[in-house]
Amino acid sequence: MSPLAFFFLFLINSSLAANTNIYNVQNYGAKSDGKTDSSKAFLNAWAAACASTIPATINVPSGKYLIHNAYFNGQTCKSKAITIHIDGTLLAPSDYNVIGNDENWIKFEKVNGISIYGGTFDGQGAALWACKKSKNKKCPDGTTALTFYNSNNIIMSGVTVQNSQKFQILVDGCHNVKLQGMKVLAQGNSKNTDGIHVKLSSGVSIVNSQIGTGDDCVSIGPGTSNLWIEGIACGPGHGISIGSLGWKEQELGVQNVTIKTVTFTGTTNGVRVKTWARPSNGFVRNILFQHIVMVNVQNPIIIDQNYCPNHDESCPQQSSGIKISDVTYQDIHGTSATKVAVKLDCSTTNPCRGIVLEDLNLSYQNQQTEASCVNARGRVSGLQKPTNCLLKN
């Protein structure tokens with residue numbers, strides 16, 4: 001690069017810095033020793049950035065920062081562009097009694113325009129997982145590590161969220177959210193540790209990320225629309241699930257969802273739609289599963305409208321009111337861990353309609369796989385391994 005180019009680059013960087021207020025959490029008392037509660041320091045840095053009338057950046061230097069919990073409210077923020085640049089690790093208390101009964105560990109609410117780059121959020125949930133595994137009835141329910149609630153225009157890039165007591169990331173009531181280059185991790189035997197749960201949100205994209213947990217890599221709840229998921233490595237976990245849906249009789253539907261270029265490795269499910277067998281006015285429609293690779297997946301393609309994870313007397317044992325239509329499975333190949341690679345178990349009162357199976361090539365121990373369809377209607381094209389079981393529309 002020529003000296004003149006260096007000079008112009010210096011001028012550009014100087015101009016950007018001059019138009020951004022920068023707040024270092026250590027200047028507000030944060031300690032990077034992993035032992036001192038730095039919650040107040042982070043909240044004070046947020047308050048200062050929030051009050052800025054120009055774009056603001058919060059810097060978190062390298063080191064470990066203990067955060068008991070933190071609630072970042074953006075309702076009164078003057079700045080509409082806050083960037084949080086993290087070089088360090090944020091730690092939740094390892095004692096689950098400290099925050100185990102709190103709904104959220106770190107929460108952003110009513111924020112408009114926030115970008116988070118780098119760093120690690122570590123929920124240190126192993127002790128609570130062990131408590132639940134021991135079936136101790138006194139275990140708290142657990143907290144979600146990172147929540148975005150009623151917020152808009154969010155970017156997270158290159159961030160690791162791991163070991164949450166419960167969900168790793170929750171996107172609830174948000175619009176225009178982009179999660180990219182994420183690592184979302186928990187042990188495969190940790191209970192209810194969904195990687196990313198999205199509900200009541202629109203315009204969310206999750207791309208180029210690694211997700212492995214003890215539950216769904218991504219779970220999609222009621223009221224989700226225009227969701228884009230692409231370039232995901234999922235496993236361990238329960239796959240990518242739409243649902244569970246239909247627990248409530250009055251429930252918003254899920255629509256316009258694209259899930260493409262995903263590799264599932266050793267998961268219990270691949271692409272799944274799950275609904276409770278009880279009355280509901282909800283729906284699932286306009287869904288595309290495309291360019292999917294299965295590696296030793298127990299249920300590569302599954303619609304379960306009799307969902308009841310405990311399979312006990314509390315199962316509703318009724319008929320699901322959720323209407324499933326226009327779901328396309330295109331170019332899905334790889335290996336199943338069971339002989340039945342496609343299972344479409346649809347509602348007796350609201351059969352699945354408009355199911356499209358196109359170019360499926362799933363094998364089981366070098367054998368032909370099978371498909372099982374109940375109340376499922378649609379059409380097929382291209383290669384069909386297993387053999388089609390759909391009824392015609």
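A charge is taken to sit over a ring if NZ of Lys or CZ of Arg is within 6 Å of the ring centre and within 35 degrees of the ring normal. In this predicted model, Lys 107 fits that description, lying over the face of Tyr 149 at 4.8 Å from the ring centre. Arg 285 does something similar with Phe 283: its charged end sits over the ring, 3.8 Å from the centre.

Lys 107 also turns up in a salt bridge. Its side chain meets that of Glu 109, with an N to O distance of 3.5 Å. As for burial, Lys 107 has a relative accessibility of 19% and so counts as buried, since the cut-off for that label is under 20%. Glu 109 counts as buried too, at 11% relative accessibility.

Now for the rings. Searching the whole structure turns up 8 aromatic pairs. One of them is Phe 72 with Phe 108, a stacked pair with 4.9 Å from centre to centre and 20° between the planes. This pair links distant parts of the chain, as Phe 72 belongs to strand E5 (residues 70-73) and Phe 108 to strand E8 (residues 104-109), 36 residues apart. Phe 72 is buried because its relative accessibility comes to 7%, and Phe 108 is buried because its relative accessible area is 3%. The two rings also belong to a bigger group: ring pairs link Trp 46, Phe 72, Phe 108 and Phe 148 into a cluster.

Back to the charges, where the whole-structure search gives 5 salt bridges. Among them is the contact between the side chains of Lys 199 and Asp 172, at 4.0 Å from N to O. Lys 199 lies in strand E17 (residues 196-199) and Asp 172 in strand E14 (residues 169-172), so this bridge ties together parts that are 27 residues apart in sequence. The two partners get separate burial labels: Lys 199 is partly exposed, with a relative accessible area of 29%, while Asp 172 is buried, at 10%.

Another salt bridge joins Asp 216 to Lys 274, and here the closest N and O atoms are 3.3 Å apart. Again, distant parts of the chain are linked: Asp 216 is in the loop between strand E18 (202-212) and strand E19 (218-220), Lys 274 is in strand E23 (residues 269-276), and 58 residues separate them. Asp 216 has a relative accessible area of 1%, so it is buried. Lys 274 is buried as well, with a relative accessible area of 5%. This bridge isn't on its own, either, as Asp 216, Arg 272 and Lys 274 are linked in a network of salt bridges.

That leaves the strand pairing. Strand E20 (residues 225-234) and strand E22 (residues 254-265) run parallel and are joined by 8 bridges. Ile 229 stands opposite Ile 259 in E22. E22 also runs parallel to strand E24 (residues 283-297), with 10 bridges joining the two. Here Thr 258 stands opposite Leu 288 in E24. In a regular strand, side chains alternate between the two faces of the sheet.

Technical notes:
Residues numbered from 1 in each chain as written. Predicted model: local features only at pLDDT ≥ 70, side-chain atom pairs only at ≥ 80, totals over all residues. Heavy atoms only, no water. Phe/Tyr/Trp six-rings, centres within 6.5 Å; stacked < 30°, edge-to-face > 60°. Helix = DSSP H or I, 4+ residues; strand = E, 2+ residues; numbered from the N terminus. Buried < 20%, exposed > 50% of the residue type's maximum accessible area, 1.4 Å probe, protein only. Pairing = 2+ DSSP bridges.
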